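Hi everyone, thanks for coming. Have a look at the model on the screen, and I'll walk you through a few parts of it.

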Amino acid sequence: MYGLVAGTGRRSTWSTQMHVLIGTDGSDDAIAAAVSGLSLLAEPTRVTVVAVLETPGEATAGLESGFAGGMVSDAEVRTAWDSAEKEGRTALERTSTQLSTDAPVDLEIRTGDAGSAICQLAAEIAADVVVVGSRGRGAIRRALLGSVSSHVTNNAPCPVVVVRSGTDG
């Protein structure tokens, strides 16, 4: 199909297929952002919900000294990873059960930096749009702590819908 790119007069191809990628941490704000963001879009044909796990502190404890070997046992590291994965699955389940869509919903857990992982997954699955929440940090906190939504907005291979915390759909 063809359509016009708004305000340009140029023709662009577009499809009735839409794959939406939703980033979540399972918090109430993230779930509200997912629901609100999805309601702003046409009905998707597929939805992927992703939770990105940070490396547990136990996995890197003691490595900052430059000496080989951590300060905790392998069992403690495995337990920390298991806990993080359980938290990720819970985040995905909490979010996906609140979505109003007839489209198939895929659940993904990734590890690493959340912004980078979301952008990488968006490219891998050829997402048409990414939906993420924003906690609305001020400029100083955002500069110091970084922002997943800012990273995704600036680096995603597709359009991004950012829903600020406390907004209604």
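Cys158 is buried, with a relative accessible area of 13%; buried means under 20% relative accessible area, exposed over 50%, and partly exposed in between, using a 1.4 Å probe and protein chains only. Before I go on: this is a predicted model, where local features need pLDDT of at least 70, side-chain atom pairs count only at pLDDT 80 or more, and totals for chains, interfaces and linings use all residues. Residues are numbered from 1 along each chain as its sequence is written, and side-chain values use heavy atoms, leaving out hydrogens and water.

Cys119 counts as buried too, at 9% relative accessibility. Why is there no bond between the sulfur of Cys119 and that of Cys158? The two sulfurs are 8.1 Å apart, too far for a bond. A disulfide is a pair of cysteine sulfur atoms within 2.5 Å, and by this rule the count comes to 0 disulfides.

Cys119 also belongs to a helix contact. Helices here are DSSP runs of H or I with at least four residues, and strands are E runs of at least two, numbered from the N terminus. The axes of H4 (residues 114–124) and H6 (residues 148–155) come within 8 Å, and the crossing is at roughly 35 degrees. Axes are lines fitted to C-alpha atoms, for helices over the stretch in contact, with angles from 0 to 180 degrees between N-to-C directions. Contact means heavy atoms within 4.5 Å; on the H4 side the residues include Ala114 and Ile118, and on the H6 side Val148 and His151.
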